[in-house]
Amino acid sequence: MLFDQQREITLFSPIEHTADIAFEVSGTNLEEMFTSAFEAWQFSAYTLKANGLTETRHFLWQSENPEDLLVEFLSEMNFLFCSRKWIPVSINKIEISSGSPIELSLSIKGIEYSNNFINFKNEIKAVTYHLLEIKKDKTGCKTKLVFDI
Amino acid sequence: MNVNGITIERIHDYLWEIPKTGSMLVPGRIYTSRKMLENFLAKDEALKQVVNVAHLPGIQKYSLAMPDIHWGYGFPIGGVAATDYYEGVISPGGVGYDINCGVRLARTSLEYEPIKKRVKSIIEKLFQNVPTGVGSSGAIKKLSEKELKKILVNGSEWSVENGFGTEDDLLSTEEQGKMKDADPNTVSSRAIERGLDQAGTLGSGNHFLEIDVVEEIFDHEVAQIFGLFPNQIVIQIHTGSRGLGYQICDDYLKILLKASQKYGFNLPDKQLACAPIQSDEGKNYLNAMKCAANYAWNNRQIIMSLAKKSLQQTLSISESELGFKLVYDVAHNIAKIEDHEIDGKLKKVCVHRKGATRAFPPKNKELPDKYLRSGQPVLIPGDMGRYSYIVAGRAKSMDETFGSSCHGAGRIASRHNALKIGKGRNLIEELNKSGVEIQASGYKTIAEEMPYAYKDVSEVVEIMHHSGIVKKVAKIRPLGVIKG
């Protein structure tokens, strides 16, 4: 379980899944929960061995529901990492609008990598919809998240 | 009997039925034992997934599960479902992200005793020659988009044309290594991009390349037809369509989620997203899936060629001395359009096999001439420490399971738990002591893939054998393995 003292929230906790890797991710609001989900993906995909020259990229997604938005966001990060050799490292700014469609605006720092920069941990085939259902209550938002490896 | 709130009735010792209730369109049928029901199936949601699959529009007869069943996405792993070709649906959840993940078995003329001291060197050479692990690339030079599209259409034929095999290999591959009517125009540019530099790579996770010895023969007549004999050295390869296949599944899940709403399907699980096979969405997915399937067959063909070269190099022997021949190659994540007898009539159906293997019986016209008498070879890999099986399809598979069988052992421990169990142990030493040499890209993979993470495959195979779906032909034992 990872706990962020600055944000005073549990970032993500591994949960049991027979074939792949799964987490419960949470946050006091959707933005924090999405950030936790991103960090769960990072935790599963790689560890950084060294720093490199960072660049900032901006993204905008729209969807009818936050679950689809979360899958799109993490799938894009996974694609950039697996295919474009660009590691998303840290989120500068994340905003999720309410209304229909819901909009996710993201500014994220990353590094173009060679194998010297990172230790690969798992090859994440896909971010799945399995168990994905964002629940909101007084404490914030949470969902389960399963990566097919 | 009640398992996780689901009523399940015994048909015989190895076949259990979930009666059709509520909005299920057909009953569920699971090939398993009471012991497996109580020890494994009570602990995850796989049975619920069998129930969910029974809601697919156009599903025929039963929502089926093989004895290696465990929790998957939409379908359970080990799930089989046939849908009416004209009025039913196709679902990427019934194929999986790793389209045409499958296994191939190649035999040699070599025997164990003369080469047993060279196994470590062979494994080292294999690890050197076959790209493994996360982010692996470079088995062959990066393909052009034009060349990749040739692979998507022609499958293993591309390898034969480019010096990675022979025509005989094609005859010994399911679909001759090429599903017809694969259309690269249905494959996204992202999927194309992911496929350009991964041809001939093993990948990671439970993918492997193994050198085995034939330890036991159960059916000598069929073993002879397959070219197998006691103490023979054989090679197993387990891998799939890599990033290209994962991307195709991802792309089409999004499309078919929308299609499910468009066609008014009320499905119990988003991962069962589907479209009528005859719709544009359904046809496009099927044609894209065929592209990924062809890529995977070509992938295993290239890796087999690299394995053959590695053996020759390490042992300094000629091609004829090695006697390297492909026994068969099977897909275990795929959807196929096949004719099956249903209620006394021959019907065209789409058979989804998700962690399940085709197992056609003797005389089936889809088989190469050499296997018409024996039935199709079915390759069932176990974990890397114990054994794997070669079995042959029987007529009962066509009566009961749409010509399908199990595909492997099935996981019982999560990766997380497997890592916990392995903590503080020297797993490489443990494998070495049990006679298995191993080279892997990461120690973590070894811990996740240890024998204690899997069911005993012999229990899985016995269920299929005693049910009459397949018959046991040979058992093989690992000597060495490379993993990503």
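Over what distance should the 36 residues of α11(B) span, and how far apart are its end C-alpha atoms? In this predicted model, a rise of 1.5 Å a residue leads to an expected span of 52 Å for α11(B), and its end C-alpha atoms are 53 Å apart, which agrees. The helix covers residues 280–315 of chain B and is mostly covered itself, with 29 of its 36 residues buried. Directly after α11(B) comes B:Ser316, whose phi is positive, near 50 degrees.

The nonpolar interior may be considered next. In soluble globular proteins, nonpolar side chains tend to be buried together. The largest nonpolar core here has 116 residues, and those with the most contacts inside it are A:Phe34, A:Trp41, A:Phe73, A:Leu74, A:Met77, B:Leu209 and B:Ile211. The element that gives the most to this core is helix α11 of chain B, with 16 residues. Apart from it lies another core, of 31 residues, which includes B:Ala359, B:Ala409, B:Ala418 and B:Ala453. Within chain A, the surroundings of A:Trp41 can be listed in detail. Residues up to four places away in sequence being set aside, A:Trp41 touches A:Tyr46, A:Leu74, A:Met77, A:Asn78, A:Phe81, A:Pro88, A:Ile124 and A:Phe147. Of these partners, A:Leu74 and A:Met77 are also listed among the residues with the most contacts inside the largest core.

Attention now turns to the strands of chain B. Strand β18, residues 388–393, has 6 of its 6 residues buried, so it is largely enclosed by the rest of the structure. It is joined to strand β17 (residues 377–380) by 4 bridges, and the two run antiparallel; in this pairing B:Pro377 stands opposite B:Ala392 of β18(B). Strand β18(B) is also joined to β21(B), by 6 bridges and again in antiparallel fashion. Here B:Ser388 stands opposite B:Ile476 in β21(B).

Strand β21, which comprises residues 470–483 of chain B, also holds B:Arg477. Is B:Arg477 buried or partly exposed? Its relative accessibility is 24%, and because buried means under 20%, B:Arg477 counts as partly exposed. Leaving aside neighbours within four places in sequence, B:Arg477 is in contact with B:Tyr112, B:Ile211, B:Asp212, B:Val213, B:Glu215, B:Arg386 and B:Tyr387. One of these, B:Asp212, is 265 residues away from B:Arg477 in sequence, yet their C-alpha atoms are 5.2 Å apart in space. Another, B:Glu215, has its side chain joined to that of B:Arg477 by a polar contact of 2.6 Å. Among the contacts of B:Arg477 is also B:Ile211, a residue already named for its contacts inside the largest core.

The backbone of chain A remains to be examined. Most residues other than glycine have a negative phi, and most peptide bonds are trans. Against this background, the peptide bond from A:Ser100 to A:Pro101 is cis, with omega near 0 degrees. A:Pro101 is found in the loop between β6 (86–96) and β7 (102–112) of chain A. The loop that precedes β6, between α2 (66–83) and that strand, contains A:Lys85. Phi of A:Lys85 is positive, near 55 degrees, and the residue is partly exposed at 28% relative accessibility. A:Leu131, likewise not a glycine, has a positive phi of about 65 degrees. A:Leu131 is placed in the loop between β9 (126–127) and β10 (135–137) of chain A, and its relative accessible area of 34% makes it partly exposed.

Notes: Residues numbered from 1 in each chain as written. Chains lettered and ligands numbered in written order. Predicted model: local features only at pLDDT ≥ 70, side-chain atom pairs only at ≥ 80, totals over all residues. Heavy atoms only, no water. Buried < 20%, exposed > 50% of the residue type's maximum accessible area, 1.4 Å probe, protein only. Contact = heavy atoms within 4.5 Å. Polar contact = N/O pair within 3.5 Å; in protein donor to acceptor, adjacent residues only side chain to side chain. Core = buried A, V, L, I, M, F, W, Y, C linked by side-chain atoms within 4.5 Å. Pairing = 2+ DSSP bridges. Expected span 1.5 Å × (residues − 1).
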